[in-house]
Amino acid sequence: MPSCATIINIIEKFAPKNLAFDWDNTGLQLGDYNKEVSKILIVLTVTEDVIDYALNNGFEMIIAHHPLIFKPLKAVRKDFTIGRVIYKAIQKDLVIYSAHTNLDVAKDGVNDVLAQLLELERVEVLRETYTEPLKKITVFVPEGYEDKIVEAMGNAGAGFIGKYSNCTFKIRGEGTFKPEEGANPFIGKIGKLEKVNEFRIETIAPQSRVKSIISAMLKIHPYEEVAYDVYPLDNEGEKYGIGRVGYLSQEMPLEDFALLVKNKLNVSNLKVVGELSKIVKKVAVCGGSGSDLINAAIFKNADVFVTGDVKYHDALDAFMQGIAVIDAGHSATEKVVLNKIKEHVEKSLCEMNQKAFIEVLIEKEIFNYV
């Protein structure tokens with residue numbers, strides 16, 4: 001049975017917390033980090049109904065997109081809705097975790113899934129928010145171990161440059177060392193200066209993978225004390241951001257594209273800004289509330305922008321600037337990611353020879369249309 005910590009580590013490899021916006025509150029919201037969990041519920045938002053469903057069906061952990069605790073709480077009172085929810089969760093030892101804007105930004109997160117669902121091609125980030133810092137790792141290895149070290153570091157995430165993996169550079173040289181009293185040298189004798197044929201191996205790594213790469217290298221390296229260096233680089237690493245923009249395989253009238261969006265997102269209604277006969281080819285998307293990205297979509301020369309929660313004046317501004325907007329609703333443009341989370345956690349647990357029952361609960365839409 002996996003622990004809460006194991007599930008969180010799986011999620012945060014998929015959607016690292018450092019991708020979250022500064023104003024966000026992502027991560028473990030309530031519960032015991034070390035608690036073992038056998039049943040996990042995945043939802044968009046934690047409501048009182050969701051808590052009741054989880055407790056009535058034996059779930060020990062909830063993974064939500066929207067944070068249960070977003071703004072600082074001044075009190076936890078049972079006569080307030082948020083207080084009742086927190087009380088119920090704590091009394092039943094329920095774990096609640098949130099992956100919010102980090103899941104929006106992450107690869108294969110909310111916006112990538114939305115772009116894939118709408119069948120966009122040549123997809124790129126709409127607005128960049130984070131660039132992964134790069135490091136250079138240098139390690140000195142005795143002759144005969146260089147290939148094992150390169151393989152271990154590559155498997156841990158080192159040496160990726162564009163579409164190439166296991167990128168390294170090796171220089172043959174001579175290493176010297178003298179084992180002192182109490183040492184247990186792989187090569188050499190106590191008190192004697194040794195000269196050893198070694199390789200200097202250099203590789204590049206994203207900052208977030210450095211610890212894992214070094215750990216993998218140390219497990220393989222034969223020396224008792226390993227000589228290695230980590231250098232900062234000015235090279236730009238992988239770029240992450242909010243929203244996506246891409247192309248339809250075939251252009252179509254805005255009305256037809258709106259019907260496609262309606263069908264793909266399985267919504268009964270949506271709002272469309274723009275002439276329905278307008279031909280659209282380039283599409284920008286942002287799951288959730290994305291009105292603040294309208295200008296970014298215009299800058300990217302998108303013909304139409306798909307998002308939720310569009311206010312009147314934002315819609316009017318978009319109309320005046322000639323970009324079409326489709327408001328498909330907040331939840332409809334975000335809930336598409338829930339099954340992706342389920343698939344990722346299940347696959348990761350399987351690779352670890354662990355398992356848990358995982359269910360996706362799609363909450364009832366809070367808006368009714370009459």
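Mentor: Before we begin, keep in mind that a residue counts as buried when its relative accessible area is under 20%, and as exposed when that value is over 50%. The model we are looking at is a predicted one.

Trainee: Is C286 buried or exposed?

Mentor: The relative accessible area of C286 is 4%, and the cut-off for a buried residue is under 20%. Because 4% falls under that cut-off, C286 is buried.

Trainee: Is C350 buried or exposed?

Mentor: For C350 the relative accessibility comes to 55%, and a residue is exposed when the value is over 50%. C350 therefore counts as exposed.

Trainee: How many disulfides are there?

Mentor: A disulfide needs a pair of cysteine sulfur atoms within 2.5 Å. When that rule is applied to this model, the count of disulfides is zero.

Trainee: Which helix gives the most to the largest nonpolar core?

Mentor: The largest nonpolar core has 71 residues, and I7, M61, I63, F257, F305 and I341 are those with the most contacts inside it. Six residues of this core come from a single helix, the one that gives the most, and it spans residues 4–14: helix α1.

Trainee: Which residues does I7 touch, leaving out those up to four places away in sequence?

Mentor: I7 is among the residues with the most contacts inside the largest core. With those sequence neighbours left out, I7 touches P2, V37, I40, M61, I63, V345 and L349.

Trainee: In which helix is Y312, a residue of the nonpolar surface patch?

Mentor: Together with L316, F319 and M320, Y312 makes a nonpolar surface patch of about 470 Å². Y312 is exposed, since its relative accessible area is 59%, and its place is in the helix of residues 312–321, helix α10.

How values were computed: Residues numbered from 1 in each chain as written. Predicted model: local features only at pLDDT ≥ 70, side-chain atom pairs only at ≥ 80, totals over all residues. Heavy atoms only, no water. Core = buried A, V, L, I, M, F, W, Y, C linked by side-chain atoms within 4.5 Å. Buried < 20%, exposed > 50% of the residue type's maximum accessible area, 1.4 Å probe, protein only. Helix = DSSP H or I, 4+ residues; strand = E, 2+ residues; numbered from the N terminus. Contact = heavy atoms within 4.5 Å. Patch = residues over 30% accessible without salt bridge, like charges linked within 9 Å, V, L, I, M, F, W, Y side chains within 5 Å. Areas by Shrake-Rupley, 256 points an atom, 1.4 Å probe, with all protein chains shown as cover. Salt bridge = Lys/Arg side-chain N within 4 Å of Asp/Glu carboxyl O.
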